[in-house]
Amino acid sequence: MAEFSLSRRIAAEFMGTALLVATVVGSGIMAESLAGGNTAVALLGNTLATGAILVVLIAALGRISGAHFNPAVSLVFLVARELRARDFLCYVPAQVLGGIAGTWLAHLMFDLPLLQLSQHGRHGPAQVLSEVVATFGLLATILGCRRSRPDIIPVGVALYVVAGYWFTASTCFANPAVAIARSLTDTFSGIRPVDAPWFILAEIAGALVAAGVFRWLLGPEPEMASAPARDPA
């Protein structure tokens with residue numbers, strides 16, 4: 001990523017997060033309108049669109065900024081000293097503002113009021129625990145694949161999120177920027193603003209636990225094998 005300027009990396013994080021949230025919110029609106037009241041069908045449509053866009057965005061923008069699109073991911077790379085503090089302090093606002101822009105873009109595309117606050121309650125210990133698990137699993141996917149198979153990170157992350165929509169009670173937000181953005185839409189994918197801070201705290205906790213666990217599991221980066229010494233002749 002060193003060959004890309006900070007301004008380009010910030011732009012990639014803003015654009016990627018905006019398109020991610022526009023897909024989450026927009027597909028939720030579309031799915032609910034077409035599902036005829038069947039929540040499972042609406043969730044399935046929302047899930048497939050989210051998984052698909054993640055593959056595309058990570059593959060397209062990963063080489064520029066790392067394709068974090070998520071303050072929890074950026075925090076883990078900051079803790080690991082793979083992201084400078086200056087860059088972290090630029091990435092996070094770009095992600096949050098990009099998420100908000102994505103919500104507004106979805107509203108405009110579906111001719112809905114631009115400014116909204118969600119009334120969709122997502123609260124209680126089960127929801128908070130779900131976000132800890134969802135974010136732990138997301139970071140486990142990134143950190144594990146990054147060491148063993150970096151080429152499959154886009155697909156790995158997408159598949160994990162698709163699964164997370166269905167095996168977590170919270171439907172796998174796993175992203176503080178997304179939680180903030182989704183509190184600003186009173187549609188299928190929304191979360192009440194009063195519930196969002198609990199999700200954000202859970203997401204940070206899950207990310208930090210994953211960072212610690214995988215630092216121990218993976219150990220230090222393996223050193224490159226030295227070239228065999230030539231037989232002097």
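In this predicted model, D195 is buried, with a relative accessibility of 5%. The side chain of D195 meets that of R192 in a salt bridge, with an N to O distance of 2.9 Å. R192, by contrast, counts as partly exposed, at 26% relative accessibility. Salt bridges with shared partners also join R9, R84, R86 and D87 into one network. Within that network, R86 pairs with D87, the closest N and O atoms being 3.2 Å apart. The two partners fall into separate accessibility classes: R86 is partly exposed at 47%, whereas D87 is buried at 3%.

A further salt bridge links E82 to R146, and here the closest N and O atoms are 2.2 Å apart. Because E82 belongs to the loop between α3 and α4 and R146 to helix α5, this pair ties together parts that are 64 residues apart in sequence. Both ends of the bridge are partly exposed, E82 with a relative accessible area of 40% and R146 with one of 33%. The count of salt bridges in the model comes to 7.

The nonpolar interior was examined next. The largest nonpolar core holds 50 residues, of which L20, L54, I58, F69, L138, L139 and V157 touch the most other members. Two or more residues are supplied to this core by each of α1 (6-34), α2 (39-65), α3 (71-79), α4 (85-109), α5 (125-148), α6 (153-167), α7 (176-182) and α8 (196-218). The greatest contribution is that of α2, with 8 residues. Another core, of 6 residues, lies apart from the largest one, and A179, I191, F199 and I200 are among its members.

The surroundings of F69 illustrate the contacts made by one of the residues that touch the most other members of the largest core. With neighbours within four places in sequence left aside, F69 is in contact with A12, E13, G16, T17, L20, L57, I58, L61, Q95 and N175. Among these contacts, L20 and I58 also belong to the group touching the most other core members.

L20 appears again in the environment of T50, a residue of helix α2. T50 is buried, with a relative accessible area of 3%. Beyond its neighbours within four places in sequence, T50 is in contact with L20, T23, V24, V161 and Y165. A31 lies in helix α1 and also counts as buried, at 11% relative accessibility. Residues up to four places away in sequence not being counted, A31 touches A42, G45 and N46. The C-alpha atoms of A31 and C172 are separated by 18 Å, with these positions 141 residues apart along the chain.

Two helices were considered in terms of length and burial. For α6, the 15 residues should span 21 Å at 1.5 Å a residue, and the end C-alpha atoms, 20 Å apart, agree with that expectation. The buried residues of α6 are found at I153, P154, G156, V157, A158, Y160, V161, G164 and Y165. Their cover includes α1, α2, α5 and α7. Two of these buried residues, V161 and Y165, are contacts of T50.

For α8, the 23 residues should span 33 Å at 1.5 Å a residue, and the separation of 32 Å between the end C-alpha atoms agrees. Burial in α8 is found at A196, F199, I200, A202, E203, G206, A207, A210, A211 and F214. The elements covering these residues include α3, α5 and α7. Of the buried residues of α8, F199 and I200 also belong to the core of 6 residues. Just after the helix, G219 takes a positive phi of about 70°.

Finally, the open space in the model was analysed. The largest pocket has a volume of about 670 Å³. Its lining comprises 33 residues, and those closest to the pocket centre are I58, G66, A67, H68 and I142. Two or more lining residues come from each of α1, α2, α3, α5, α6 and α7. The largest share of the lining, 6 residues, is provided by α2, the helix that also gives the most to the largest nonpolar core. I58 links the two descriptions, being among the core residues that touch the most other members and among the lining residues closest to the pocket centre.

Methods:
Residues numbered from 1 in each chain as written. Predicted model: local features only at pLDDT ≥ 70, side-chain atom pairs only at ≥ 80, totals over all residues. Heavy atoms only, no water. Core = buried A, V, L, I, M, F, W, Y, C linked by side-chain atoms within 4.5 Å. Buried < 20%, exposed > 50% of the residue type's maximum accessible area, 1.4 Å probe, protein only. Helix = DSSP H or I, 4+ residues; strand = E, 2+ residues; numbered from the N terminus. Contact = heavy atoms within 4.5 Å. Expected span 1.5 Å × (residues − 1). Salt bridge = Lys/Arg side-chain N within 4 Å of Asp/Glu carboxyl O. 1 Å grid on protein atoms, 1.4 Å probe; cavity = no way out; pocket = protein on both sides within 12 Å on 5 of 7 lines; lining within 4 Å. Points joined across faces, edges and corners; volume = space filled by probe spheres on them.
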